[in-house]
Amino acid sequence: MGAISIQNVSFGYDDAPHATARDREGAELVLRDISLEVPDGQFLCLIGHSGCGKSTLLRLLLGLSRPDSGTVLINGKKVEGPGLDRSIVFQNYSLFPWMTARKNVEFGIEQASKILGRDLSKEQIRRQAQLNLERVGMNDAAEKYPYQLSGGMQQRVAIARALAMDTQILLFDEPFGALDVRTRRSLQELVDCLWRSGETRKTVVFVTHDISEAVLLADRVVFMGHGAVMADVMVDLPRPRRAEELRRSPKAEELRALLTDLFYQDGPVSGEEGLNELEGLDDLDSLGGLDAREGSAELEDFDSFTLNSADSDRGRGWPWKRR
């Protein structure tokens, strides 16, 4: 099980200006009263402007930081620190340079075995490491050191290590952001294939700036801005997905247009003023849709919203629901 519950979480860094006034002013909060539920087995993508709090939210989930207020729960238990029910793949590969690819993967398995009492022998650890390197196509490079591997190959090893630990939750912090387009596409397909092919699907929280990547991978996309959840979008596209097919899909294009438009919004408006205008509306047809920026002025009057792409064939507009 890997259910995540984020309840009214706010967070600010201690070295921020006027940090002692954080609770009173709220001006330097990175996250502001965020609530989010991620059910077991869901693939969630977080997108948003740089500095909006995506990676900070991952740190809270990982247990590297604690919220100033609110609660982070994993399977109903409060997150007090790092745990072996979660693993993470960073953008910078984070491999030990003095270990071979195989040893890097073995290290993760060994630590999990000790702490969780799995009592695996050295041979069992070695076999598990080899199996997971095979899963990511790195079996032939098992005895190479990180400096002998390309960026894409190093990231494959990092993914193998995360998978080998067999955690309930996988966290990804812009793992493909520094890679070329071809390598990135290959690893996107790899992650999707591994996630779908597991005996039980892991819960995934994946931070990215790439809208097409989010549409390709996610069951659900949460758009963050100004430390808050601005939009919560279900990606109702059949799996398996191929990037080439999604480029020609009208529904996928509609999703990309919507998410792109959100990058141009100033953020959710507090209060009920904008929401009152939604009473009696089934969709946004009266606003002219979201294909261009023409709806931007109207959108600035709206508070946080939830969208469901399953209803998108009702017209150009998207159904908007109160959060």
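A residue counts as buried when its relative accessible area is under 20%, and as exposed when that value is over 50%, with partly exposed residues in between. The structure discussed here is a predicted model. Trp195, at 6% relative accessibility, is therefore buried.

**Overall composition**

The chain contains eleven helices and twelve strands. Of its 323 residues, 52% count as buried. The accessible surface comes to about 15,400 Å², and carbon and sulfur atoms account for 49% of that area. Among contacts between residues at least 6 apart in sequence, 72% join residues that are at least 24 apart.

**Aromatic pairs and their surroundings**

How many aromatic pairs does the model contain? Ring centres must lie within 6.5 Å to qualify, and by this rule the count comes to nine aromatic pairs. One of them is formed by Phe43 and Trp195, with an edge-to-face arrangement: the centres are 5.5 Å apart and the planes meet at 85°. This pair links distant parts of the chain, since Phe43 belongs to strand S3 (residues 43-48) and Trp195 to helix H6 (residues 181-197), 152 residues apart. Phe43 has a relative accessible area of 0% and is therefore buried. Another pair, Phe96 and Trp98, is tilted, with 5.2 Å from centre to centre and 35° between the planes. Is Trp98 buried or exposed? At 58% relative accessibility, Trp98 is exposed, whereas Phe96, at 24%, is partly exposed.

The residues of the two pairs described above are listed below with their computed accessibility.

| Residue | Relative accessibility | Class |
|---|---|---|
| Phe43 | 0% | buried |
| Trp195 | 6% | buried |
| Phe96 | 24% | partly exposed |
| Trp98 | 58% | exposed |

Phe43 and Trp195 also belong to one aromatic cluster, together with Phe172, Phe176 and Phe206. Charged side chains are placed over rings of both pairs. Arg201 lies over the face of Trp195, at 4.5 Å from the ring centre. The charged end of Arg161 sits over the ring of Phe96, 6.0 Å from its centre.

**Strand S8 and its parallel neighbours**

Strand S8 (residues 203-207), which includes the cluster member Phe206, is mostly covered, with five of its five residues buried. In a regular strand the side chains alternate between the two faces of the sheet. For S8, Thr203, Val205 and Val207 lie on one side and Val204 and Phe206 on the other, and all are buried, so both faces are covered.

Strands of a sheet pair through backbone hydrogen bonds, in either the parallel or the antiparallel sense. S8 pairs with S3 in the parallel sense over four bridges, and the bridge partner of Leu46 in S8 is Val207. Strand S7 (residues 169-173) also runs parallel to S8, joined to it by five bridges. Leu171 stands opposite Val205 in S8. Together with helix H6, strands S7 and S8 make a right-handed β-α-β unit.

**Helices H6 and H5**

Helix H6 also holds Gln188. Gln188 has a relative accessible area of 3% and is therefore buried. Which residues does Gln188 touch, not counting those up to four places away in sequence? Its contacts are Phe176, Asp210, Glu213, Leu216 and Leu217. Phe176 is also a member of the aromatic cluster that includes Trp195.

Gly152 is located in helix H5 (residues 151-164). With a relative accessibility of 10%, Gly152 is buried. Leaving aside residues up to four places away in sequence, Gly152 touches Leu179, Thr183 and Leu187. The C-alpha atoms of Gly152 and Pro175 are separated by 9.9 Å, and the two residues are 23 apart along the chain.

**The antiparallel sheet**

A further group of four strands forms an open sheet in the order S2-S1-S4-S5, with antiparallel pairing. Strand S2 (31-38) and strand S5 (77-78) stand at the edges; each has a single partner strand, so one side of each is left without a neighbour in the sheet. Strand S1 (residues 4-11) and strand S4 (residues 69-74) pair in the antiparallel sense over five bridges. Within this arrangement, Ser5 stands opposite Leu73 in S4.

Note on methods:
Residues are numbered from 1 along each chain as its sequence is written. This is a predicted model: local features need pLDDT of at least 70, side-chain atom pairs count only at pLDDT 80 or more; totals for chains, interfaces and linings use all residues. Side-chain values use heavy atoms; hydrogens and water are left out. Rings of Phe, Tyr and Trp (its six-membered ring) pair if their centres lie within 6.5 Å; planes under 30 degrees apart count as stacked, over 60 as edge-to-face and the rest as tilted. Helices (H or I, at least four residues) and strands (E, at least two) are DSSP runs, numbered from the N terminus. Buried means under 20% relative accessible area, exposed over 50%, partly exposed in between (1.4 Å probe, protein chains only). A charge sits over a ring if NZ of Lys or CZ of Arg is within 6 Å of the ring centre and within 35 degrees of the ring normal. Two strands pair if DSSP finds at least two bridges between them. A crossover is right-handed if, with the strands pointing away from the viewer, the path from the first strand over the helix to the second runs clockwise. Contact means heavy atoms within 4.5 Å. Accessible areas come from the Shrake-Rupley method with a 1.4 Å probe; for residues, only the protein chains shown count as cover.
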